[in-house]
Amino acid sequence: MKIVSFGTRPDEAPYLTEWSERTGIELKQITATLNEDNVDQAAGYDGITCMQTVPYSAALFQKMADLGIKFLSIRNVGLDNIDMAGAKAAGVRISNVPAYSPEAIAEFAVTMTMHLIRNMGQVEQHLRENDYNGAMHYIGRNVGDCTVGVIGTGRIGRAAIQIFEGFGAKVLGYDPYPAKNTDIDYVDLDTLLRESDIIDLHVPGLPSNTHMIDAAAFDKMKDRVIIVNTARGNLIDTQALLDNLRSGKVAGAGIDTFEYEEQDLLNLEQHGSFNDPVWDEMMQMPNVVLSPHIAYYTETAVRNMVEFSLANLMGFLEKGAAENEVTK
Ligand code: NAD
Ligand code: COI
C-alpha cells in the first residue's frame, strides 16, 4: 500500500514521517497543493491526504479516477472548497477531520477578542510612534461585563462559549440546530445581533450562509460592537464591514478568514502579494486584527490533523469505510 500527501508543510512532515515509520506504509510527501495539473504525481498510489484552502475541482476528481485513486482524505474541517458533486460523479470518496482541536480555533477567536477589547492595536500604534502619552488613552472593557453572541454552536462555538463564560460574560447562542443537553442561552439571530457587545462567528461557509452578516445585520448591532470571524470569509459582507468600521459603529474586527481569501491566496502564489484594496485598507486600521487563516494552527491541531486524516485513509483502504467519510 502506498499513500501520497499533497500540500505538506514542514511542520507536518515529521508527523507524516513518524507515521510511515511506525506503520511501515510508504508515504510520499509533496509540498505543492493538489490540483489537476500535478495530480499525476499520485500515479501508482492508493490514496491521497491533503490540506489546502484552494479549490478541489471536478476536473481534479476525474483525473484521480483516471489514475485509479478513489480516496481523498483532507486534513482539515471545512468542505466549502470541495466540489462534492464532482467527487461523487468521479467515484472519489472524501473524508475530513471534523475535530482536530476545536479549542485551538476557539482560543484564537478569544485572543482576537481580547486584543480588540483592550484596544491593543491603537496602543501599539502610538508606542511605535514614540507617543507613550497617546497610548494611555484607550480605555478598555471587561469581557465579563459584555454580552457575547456566538453564531454557530457546534464544536468550535461551544468551545468558545466555555471560554467566554469563564470570563463571566453573558453568552447568547444562535444556531438553527441548537445543541442538545446544554445550558446555552439560545435566542433568534435578530436578538443576538441587537444585544451582543461581541459577535463571534463559528458557522460553515455554505453558500446559504454567504453574507449572513450584511449591511442590514450591521444596522441591527449595538454601537461599538466587536466582531470576530475565524469561520469562513463569505459569512461577512466585507464592504459592509468596512463601511461600519469607517463610521465607528464597529469598534473592532478580527478577521482570520477573509472574504477574498481564495482568489487572494491564488494571487499570492503568482504575485507575492494580496493586491486587494479592501485588505490593504483594513491593514491600516489599528482596530482591525487580520490573520492569514491560522486560527487552527497549534501543535496539537497539526499533529491531530495528520494522524486523524491518515486513520481515515487507512479506514477507506483497509476496511472500505472511513470514520469521517463525508457523504453530503
Ligand atoms: P460544526 O459542524 O461542529 O458546527 C457548525 C455549527 O454551525 C452547526 O451547529 C450548525 O448547525 C451551525 N450553523 C450552520 N449554519 C448556521 C447559521 N446560518 N447560523 C447559525 N448557525 C449555523 O463545525 P465546527 O467544527 O464548529 O467548525 C465551524 C467552522 O469553522 C467550519 O465549518 C470551518 O469553516 C471553520 N474552521 C475554521 C478554522 C480556521 O483555522 N480558521 C479551522 C477549523 C474550522
Ligand atoms: C479548516 O480546518 O476547515 C480550516 O479552516 C483550517 C485550514 C487549514 C483549512
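Strands here are DSSP runs of E with at least two residues, numbered from the N terminus. The model in these exercises is predicted.

**Exercise 1. Place Val 150 in the fold, and decide whether it is buried or exposed.**

Solution. Start with the secondary structure: Val 150 belongs to strand β6, which covers residues 147-151. Next, take its surface. Buried means a relative accessible area under 20%. Val 150 has 0%, so it is buried. Finally, look across the model to Gly 86: its C-alpha atom and that of Val 150 are separated by 33 Å, with the two positions 64 residues apart along the chain.

**Exercise 2. Find how many disulfides the model has, then decide whether Cys 50 and Cys 146 are buried or exposed.**

Solution. First apply the cut-off: two cysteine sulfur atoms must lie within 2.5 Å of each other. With that rule the count is zero disulfides. Now turn to accessibility. Cys 50 has a relative accessible area of 0% and is therefore buried. Cys 146, at 4%, counts as buried too.

**Exercise 3. Describe how the protein surrounds ligand 2.**

Solution. List the neighbours first: they are Met 51, Thr 53, Asn 76, Val 77, Gly 78, Tyr 100, Arg 232, His 293 and Tyr 296. Sorted by class, this shell has four nonpolar, four polar and one charged residues. Then look for polar partners. Backbone polar atoms of Val 77 and Gly 78 lie 2.7 Å and 2.6 Å, respectively, from an oxygen atom of the ligand. A side chain takes part as well: a polar atom of Tyr 100 is 2.6 Å from an oxygen atom of ligand 2. To finish, check the cover: ligand 2 alone exposes 280 Å², and the protein buries 92% of that area.

**Exercise 4. Do the same for ligand 1, beginning with the residues that come nearest.**

Solution. There are 26 residues around ligand 1, and those that come nearest are Ile 156, Asp 175, Asn 209, Thr 230 and Asp 256. The shell divides into 15 nonpolar, seven polar and four charged residues. Among the polar partners, Arg 155 places a polar backbone atom 2.9 Å from an oxygen atom of the ligand. Asp 175 brings a polar side-chain atom to 2.6 Å from an oxygen atom of ligand 1. For Asn 209, a polar side-chain atom sits 2.7 Å from a nitrogen atom of ligand 1. As for cover, the protein buries 87% of the 870 Å² that ligand 1 exposes when taken alone.

**Exercise 5. Count the aromatic pairs, then classify Phe 71 with Phe 316 and Tyr 100 with Tyr 296.**

Solution. The count is five aromatic pairs. One of them joins Phe 71 and Phe 316, with centres 4.7 Å apart and planes at 10 degrees, and it is stacked. This pair spans 245 residues of sequence, from Phe 71 in strand β4 (residues 71-74) to Phe 316 in helix α12 (residues 299-319). Both of these Phe residues are buried.

For Tyr 100 and Tyr 296, the centres are 6.4 Å apart and the planes meet at 80 degrees, so the pair is edge-to-face. Tyr 100 is in the loop between β5 (93-95) and α4 (102-117), while Tyr 296 is in the loop between β12 (288-290) and α12, so the pair ties together parts 196 residues apart in sequence. Both rings belong to buried residues: Tyr 100 has a relative accessible area of 7%, and Tyr 296 has 11%. With Tyr 297, they form a cluster linked by ring pairs.

Note on methods: Residues numbered from 1 in each chain as written. Chains lettered and ligands numbered in written order. Predicted model: local features only at pLDDT ≥ 70, side-chain atom pairs only at ≥ 80, totals over all residues. Heavy atoms only, no water. Buried < 20%, exposed > 50% of the residue type's maximum accessible area, 1.4 Å probe, protein only. Polar contact = N/O pair within 3.5 Å; in protein donor to acceptor, adjacent residues only side chain to side chain. Areas by Shrake-Rupley, 256 points an atom, 1.4 Å probe, with all protein chains shown as cover. Nonpolar A, V, L, I, M, F, W, Y, C, P; charged D, E, K, R; others polar. Phe/Tyr/Trp six-rings, centres within 6.5 Å; stacked < 30°, edge-to-face > 60°. Helix = DSSP H or I, 4+ residues; strand = E, 2+ residues; numbered from the N terminus. Near = heavy atom within 4 Å.
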